[in-house]
Structures are given as C-alpha cells and as structure tokens.
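Q: I would like a close look at one part of this model, its interior. Please take me through the strands, helices and side chains there in one connected account.

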Amino acid sequence: MKVMWITGISISADTFCDDLKEMNTSGGWIHATLKAMKNKPEIDKLSIVSVHPSHTGERKEQGKIVSYQLKGSAYGLFKQRELLYNIKNAIIAEKPDVIDVQGIEFDFAGMLCEQKDIPCPVVYTLQGLVSEMGEALKSVKGSRRLMVKRSLYDNLRLHGALEHMCVLSIRGRRSVRLLKKAAYVTGRTAWDRQVALNYNPRLQYFSVNRNLRPDFYEAGSWRIEGVQRHSIFVPQVTTLAKGGHILLDIISILIEKYPDLLVFAPGEAIDQKPGNRQSGYEKYLLKQIRNRKLHNNIQFVGRLASGQMVEYLTKSHVFLQTSLLENSSNALAEAQMTGLPCVASNVGGTASYVENGVTGMLYNPNDAREAAEAIGQIFEDDEMARRISRQGQEEAQRRHDRKRNLEALIQMYTKIISGGRE
C-alpha cells in the first residue's frame, strides 16, 4: 500500500537514514513511528508532507520514502491557497491509497477536508482536541483571570495568553467543522472517542496507540533506592494551558512538610530570559516564585533531549502533570515507561492512561491540596511507590508496544482502503 502522512512537524527523507540518530524534536513519536513503518513489507511507498514557514518546497526521495517540505503555516488563520495547491500536487504525483493527517486543528487539515476531489480516503489523527479548551478554562479556578496578565512583549507581539486562547478558540471551531465532515478518525483515549462521536456519530473511529521515542524503551527502570528524595519532575509548565500557576500552589503546600522539595521543570528556562522577552504569564510565575520564596524549590533545567529526560525521570521521586487539558500526554506516557510514579490532573483523556491508585494518582485540577496529598503519599510510602511504579510501567509497556501498535496502524489503513469498519 502507498501511505501519505501530512504533518506540521518538519521532516525530511534524510531523517530516515539508518545511520541517523533519532531526532530530539517536537513530535519525536512521529519520527519513531515513520521510521518503523518504512521497514514494513506492506508499505510500498511512504510519502511525508511536512508544512513549515521555513520550508522551500523541496522534494526528496530515499528508497520508498518520499518527503515534501512545503512552505506554509500549520496554524494559519487564513486560507493558504498556494499550500493547498502544493499538497494536491503531491497527492497527484504520489497517488497514495490512504492519507493520514496528523491533527485536526491545523489549517491544512481543514482545507483538505473541504475538498471534494481527493482521490483516496483520508483519516485524521486526533491530537490535543483544542476545541474543548474553552470549557477546560471555565472549569479551573483563576485561569480566566490569568489570561489578561500582560507584558510589553505580549503587547508588541500581540501574542499573550489572551491572544493564544483566542487562536485556540478559532482552531477549535475549525476542528469541530472538520469532525462533522470527516469519514475516518483515529485516537487513543475514551475521551477523544467520545468527543469525536458526539460531534459526528456517523464517522468511523479507530483506536491506535502511539509509539514513543526509542530512548524510553531502552531506559533502565526507576528504582526508589536511586531517587533524589522529595523531587518532582514536571513537563513544560510556562504556558497557561499547562497549569504553571497550579504547580506553584502545590509546591507552596508541600514545602510546609518538605522544605527540601525540588521541582525539575524542563522547557524554556524563563528565569534566564531577559525581562523584555518574558510573556505576561511568565512574569506572573516568576513574581509568584519570588513572593512565595520558592526560588530554591524549582529548577528550570532548559530543553532536554530524550536521553537527558530519561536521566531526570529515573532520578526523580514523582512525576506531576498540572495541565488544564490533555488528551494523551506523551510526557506522562514517557514517565510511566521509565516506572516513575505519576500524579496527574484528571482532565481530558488522562484517565485512559492513569487508573487512580493503581497505575498512578489522579486529582481534581481545582484542588491543589488533593494533588499535594497524593504526592505526599508517594513520598512517605515506598511500598506504594514501588507498586504504582511497577503497575504504571507494565501498563505503559502494553499500551506503547511498538510491534502491536504498528500492526494496528497497518490494519487500520487496510480497513480504510477496503472501505471496512473497525
């Protein structure tokens, strides 16, 4: 079969050279999945169309991999006719049997769904479901108030938290229009299935789990004897949607009992950014850290490659998710794969990844004290930590089994091409 992927992640055929190390960029799971797909005998040709503002329209071919690097914005708010023209030309040239569009919130996804002359079936891979972010903001205390925190940098760029949420709202409406027209979608959680079918009961939904980056299959397992006691690893928390303000509330409660608490926060080191380049939300977080005297309890560790992330995960005591909305958090999945005990906000599809008290701990995102108590239980009870570690890791290994997930993906394409249902 001939498969085409369309994505907003920058990918070239060079990525798939056998001697090229796995890329540590956004969308690492995409690289991992595509590299595995190219070795499947069922795949005759794998075409990858990646959309990015820096691209020049280059086409590369290597074996049965063809890549198109098309210039355009994945998050464009206005019609990009040239981009649509170039995507359709790629489809005509490569003659795919099925097209897999990565993300329904992107401009290219919406444009493709509007076309009546696409010569093969199109399946849309659900990602974050930004259409539901508005409700998530309404449900979490204080979040709407923080949207209006601004800095000069926000005003100059016209891209503060308020504008960001407005853009998400536009993308969300675009996603809903697409879901109402789509024939096929694929997702991973009970929540994304329910959302998709609520908008369009007629669509065919396929459940296919993701593969993770190779380092997380090869990593050694977390052991309580090797951790830095009372340390917490959090994913990127410097945007409103990731709940950095909730994290600070949780830390403030925990340090009353654990003054040596240390939080590792990857992503952009906002405490190292010049003040004139900090967003209003970042300034708010830094001010709260100063006012609450938390500067010794949180360490912004910068951007981490997958190998570095494994090192932090295996030495931390607990993983904490504070997001206002997640469908299937890769960071949470990667933490579980190493065996790190996880505490997560019970939002979106998270309950499909964490069974409360069994494979992790869930808490109400409005209740920082509940989150602190869950973390405290793991800090205090090594046997509980070991149990959650083992059960969470076993579940993650089953859920992210590379061979099984790849087979499920190929079976999905086969069924869609033949017009069958799951």
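A: Happy to. Let's begin with a term: two strands pair if DSSP finds at least two bridges between them. Please keep in mind that this is a predicted model.

A good place to start is strand β4, which covers residues 65–71. Of its 7 residues, 6 are buried, so the rest of the structure largely encloses this strand. Strand β2 (residues 45–52) runs parallel to β4 and is joined to it by 7 bridges. One of the pairings you can pick out puts Leu46 opposite Ile65 of β4. Strand β3 (residues 58–62) also pairs with β4, here in the antiparallel sense and over 5 bridges. Glu58, for instance, has Gln69 of β4 as its bridge partner. β3 and β4 make a hairpin with 2 residues between them, and in that turn Gly63 has a positive phi of about 60°.

Now for the helices. Helix α3 spans residues 107–114 and has 7 of its 8 residues buried, so it too is largely enclosed by the rest of the structure. The buried residues of α3 include Phe108 and Leu112, and both of these are among the residues with the most contacts inside the largest nonpolar core. That core has 113 residues, and Ile99, Tyr124, Ile232 and Ile250 are also on its list of residues with the most contacts.

Ile250 leads us to helix α10 (residues 244–254), where 9 of the 11 residues are buried, so this helix is likewise largely enclosed. Ile250 itself is buried, as are Leu247, Ile251 and Leu254, among others in α10. Leaving aside neighbours within four places in sequence, Ile250 is in contact with Leu320, Thr322, Tyr363, Ala368, Ala371, Ala372 and Ile375. There is also a second, separate core of 24 residues, which includes Ile9, Trp29, Ile30 and Val208.

One charged residue deserves a pause. Asp100 sits in strand β5 (residues 98–102). Asp100 is buried yet has no salt bridge. Its nearest side chain of opposite charge belongs to Arg188, 8.8 Å away, while a salt bridge here calls for a Lys or Arg side-chain nitrogen within 4 Å of a carboxyl oxygen. Which residues does Asp100 touch? Not counting residues up to four places away in sequence, they are Met4, Trp5, Ile6, Val123, Thr125, Leu409, Met412 and Tyr413.

Technical notes:
Residues are numbered from 1 along each chain as its sequence is written. This is a predicted model: local features need pLDDT of at least 70, side-chain atom pairs count only at pLDDT 80 or more; totals for chains, interfaces and linings use all residues. Side-chain values use heavy atoms; hydrogens and water are left out. Buried means under 20% relative accessible area, exposed over 50%, partly exposed in between (1.4 Å probe, protein chains only). Helices (H or I, at least four residues) and strands (E, at least two) are DSSP runs, numbered from the N terminus. Lys and Arg count as positive and Asp and Glu as negative; His and the chain ends are not counted. Contact means heavy atoms within 4.5 Å. A nonpolar core is a set of buried Ala, Val, Leu, Ile, Met, Phe, Trp, Tyr and Cys residues joined through side-chain atoms within 4.5 Å.
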